[in-house]
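Trainee: I should like to study this structure with you, step by step. May we begin by looking at it together?

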Amino acid sequence: MTTVYPASACAEKPTAADLQRSFLRHLQYTLVKDKYTATKADLYLALAYAVRDVLVDRWLDTQQSYYINDAKRVYYISMEFLMGRTLGNSLINLGIMEEWQTALKQMGIDVEELQEQEWDAGLGNGGLGRLAACFLDSMATMSLPAYGYGIRYEFGMFYQKIINGAQAEFPDNWLRYGNPWEFDRQEHLHQIKFNGRVESYRDERGETRYNWVDTTDVMALAYDFPVPGYGNETVNTMRLWSAKSTRDFELGSFNQGNYIGAVESKMRTENISKVLYPADHMAEGKELRLRQEYFLSSATVQDIFYRFAKKHENLAQLPEKVAIQLNDTHPTLAIPELMRILLDDKQLSWDDAWEIIFNTFAYTNHTILPEALEKWPVEMMERVLPRHLQIIYRINEIFIQQIIARFPGDNDRLRRMSIIGEDGERSVRMAHLAIVGSHSINGVSALHSEILKDDLFHDFYELWPERFNNKTNGITQRRWLKYCNRWLADLISSRIGTGWVTNLDELKQLVPLAEDAGFRQQWIEVKRANKQRLADYILEHEGVTVSPDSMFDCQTKRIHEYKRQLLNVLHVITRYNRIKAHPGGDFAPRTVIFGGKAAPSYYMAKLIIKLINSVAAVVNNDPATNKLLKVVFLGNYNVTLAEMIFPASDLSEQISTAGTEASGTGNMKYALNGALTIGTLDGANIEIMEEVGRDNIFIFGLTAEQVTGLKKAGYQPYDYYSRNPELKQAINMIGDGSFSDNDGNLFKPIVDTLLGLDHYLLLADYSSYIACQDEVDNLYQRPHEWARTSILNTAGMGKFSSDRTIAEYARDIWNIKPEKVSRHSRRDLH
């Protein structure tokens, strides 16, 4: 059960007249517009500023309460925060959505139309960033003293357009018209050092100390975003860093008369916070990525230290007041950065500093794929962060001695576990550094955590089993049901009340309602209304007419080979061939919906997008099939689009190769909104199956153990191809130009990959997948049975609230408790 401190009983609901006055005041005095000159964007801003006023009061009270109570705080550091739009979420969490709808309706203004004016914040890409956003919502709702720290990417990742079936990347100008939800904090400006050299000297006790000198400096400027809890007084902070050039850096060039040089240096400096994940297939991009990660780590650690020092002089107390959670390896440089401050600035001994480090940091791993574990070339680290490399060498030296003491003579183990990788180019293994420097290492699903212990980090688990634990991911039901699927949320609340909004386990009360024919019919009607809404969007934006009576079969996620969008395409082609071969056959009509971005330098992922759209062009324009099968790729998949897709989905494709997906959270969002899952026994799919029941989910394919066994035995994908006529036909069509205007070369790399290596075992799982899809068809043709199963899926989602996940982090790792927010004088600020 989530701990929620309710909003003050004396906080009366504002009247329509109050809200209208606030709205018009901002329209006139903040935006200097009237009813004759105001655009829709102006009306959105006026509403945003009026809602922000409510947030600000609670925000100041929250920060004052934390300060006065000297609360222990958790700092969640993440390279991504995929927040989506703020207005609607704030209205829901503040409990004033209906009041504003009524007030503005009286003025002839539709709140939903105004929400469409807001750009999604371009601060993330996939599940990592959205998980971080859900966690911030849960921490605020549970009144936990928490801060999110990230980077304010000026141009986000990129804006995806599909041109001639291929992905094209454009700047995501989400800040073009300003952002009413952010507050720049000029007083929170931190100096970030790069390059330079390290000098040694003897302190007064004769100990060797170090200075990092002759550096190139960048300034980190703070921008704060309010994060409101649901139904309480808490408003926490997400602080994002923006890179600014140092004043003296600019003046030096100006004084020499080199104006162009000054401008260029300023632009290079500020590139650090321009885009999320610069293309790192080139050395320049890789180095920029390293600079980004250190920029985030250093600014955050300095900020945490500044806040701690306002009330505390004894540095040994830091772990009692500060918990730092590393969201994957990207912020791991925070470990040597805090070590640098403790050693060089605060003059602590190594042992005292390391004790603080170890008890402060915790690390969440989000990937099983070895190639996705970050490694930085030693040469680059030495040039960009020379002092930090020294510290990492020393950490590794002490760590190696621990291994030798525990496992004497095991040189292979030393090589495997060393923070410095010696295979090929010498590199710093960031996951190893994170493990050594953290008191807690957690995976994000039961299977993932076992793989970490048994395989990926087995050596570390043998050394420190007590550090490893599991925290299965979760999602916030406020965003992913109450806000994005209001029709279904209202139907659920009409039968079981609203307690599920803060205690998702209450959805279990839906189980008996799955047997109620009247309730099932209402469920069907809500789903169809959501499908009609998505169908209207698809027609408007993609120019494709789809039927809301067809099954909406959805796979929306980052485009990557291990996520196996290609397996889905093979099913689409097989289905297309079956319909062509059996006119008048009993096929359940389907609309197969894809969405997701490929990394700009990921050739194969981009080719898969091209293939999806090429198959769609053939299938959608074939009169023999297009009443029964349509394929749609929705461009620029983001949170706002996801909020439309999840409520409309019938089938959720969670088909990664078993043992490759750490958890997944899209699987949870789809199931919460009543979609049935077709999936492998991978990530959190296993736990979803345990919660909803094996009969209410479509499971296919090899298990993680079988995948490992098949690869060890010598997997031969060509054997599967030659033995299965439908598979052979589908792959041949990709290769012979059937979907590429007879150009047999366009998709040759895909065919070669499938028949050669097939690293993610698509061909091995194909037959099982197709058979499972036949079971899906069979159930979909019985609407009330499908609805019954859909209700049971939603009913089984209680475990997958991020409130449960955060409660486990707070109890097991952070040791923090909820803080009741009290009202304080606005003038009594610290």
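**A helix, a hairpin and two cores**

Mentor: Please bear in mind that this is a predicted model. Helix H11 covers residues 334-345 and has 12 residues.

Trainee: What distance does H11 reach from its first C-alpha to its last?

Mentor: At 1.5 Å a residue, a span of 16 Å is expected for H11. The model comes close to that value, and the distance reached is 15 Å.

Trainee: Why is H11 described as largely enclosed by the rest of the structure?

Mentor: A residue counts as buried when its relative accessible area is under 20%. Among those in H11 that are buried are Ala334, Glu337, Arg340 and Asp344. H11 is largely enclosed because the buried residues number 11 of the 12.

Trainee: Which residue in the turn between E6 and E7 has a positive phi?

Mentor: Strands E6 (residues 197-202) and E7 (residues 208-213) pair in the antiparallel sense over six bridges. They form a hairpin, with five residues between them. In that turn, a positive phi of about 80 degrees belongs to Gly206.

Trainee: Which residue of E7 is the bridge partner of Glu199?

Mentor: The two strands, E6 and E7, are antiparallel. Within this pairing, Glu199 has as its bridge partner Asn211.

Trainee: Which helix gives the most to the largest nonpolar core?

Mentor: That core has 205 residues, and Trp100, Met139, Leu534 and Trp814 touch the most other members. The greatest contribution from a helix is 12 residues, and it comes from H2.

Trainee: How many residues are in the other core, which includes Leu369 and Phe594?

Mentor: This core lies apart from the largest one. Ile573 and Leu702 are also among its residues, which number 66.

Note on methods
Residues are numbered from 1 along each chain as its sequence is written. This is a predicted model: local features need pLDDT of at least 70, side-chain atom pairs count only at pLDDT 80 or more; totals for chains, interfaces and linings use all residues. Side-chain values use heavy atoms; hydrogens and water are left out. Two strands pair if DSSP finds at least two bridges between them. Helices (H or I, at least four residues) and strands (E, at least two) are DSSP runs, numbered from the N terminus. The expected span of a helix is 1.5 Å times one less than its number of residues. Buried means under 20% relative accessible area, exposed over 50%, partly exposed in between (1.4 Å probe, protein chains only). A nonpolar core is a set of buried Ala, Val, Leu, Ile, Met, Phe, Trp, Tyr and Cys residues joined through side-chain atoms within 4.5 Å.
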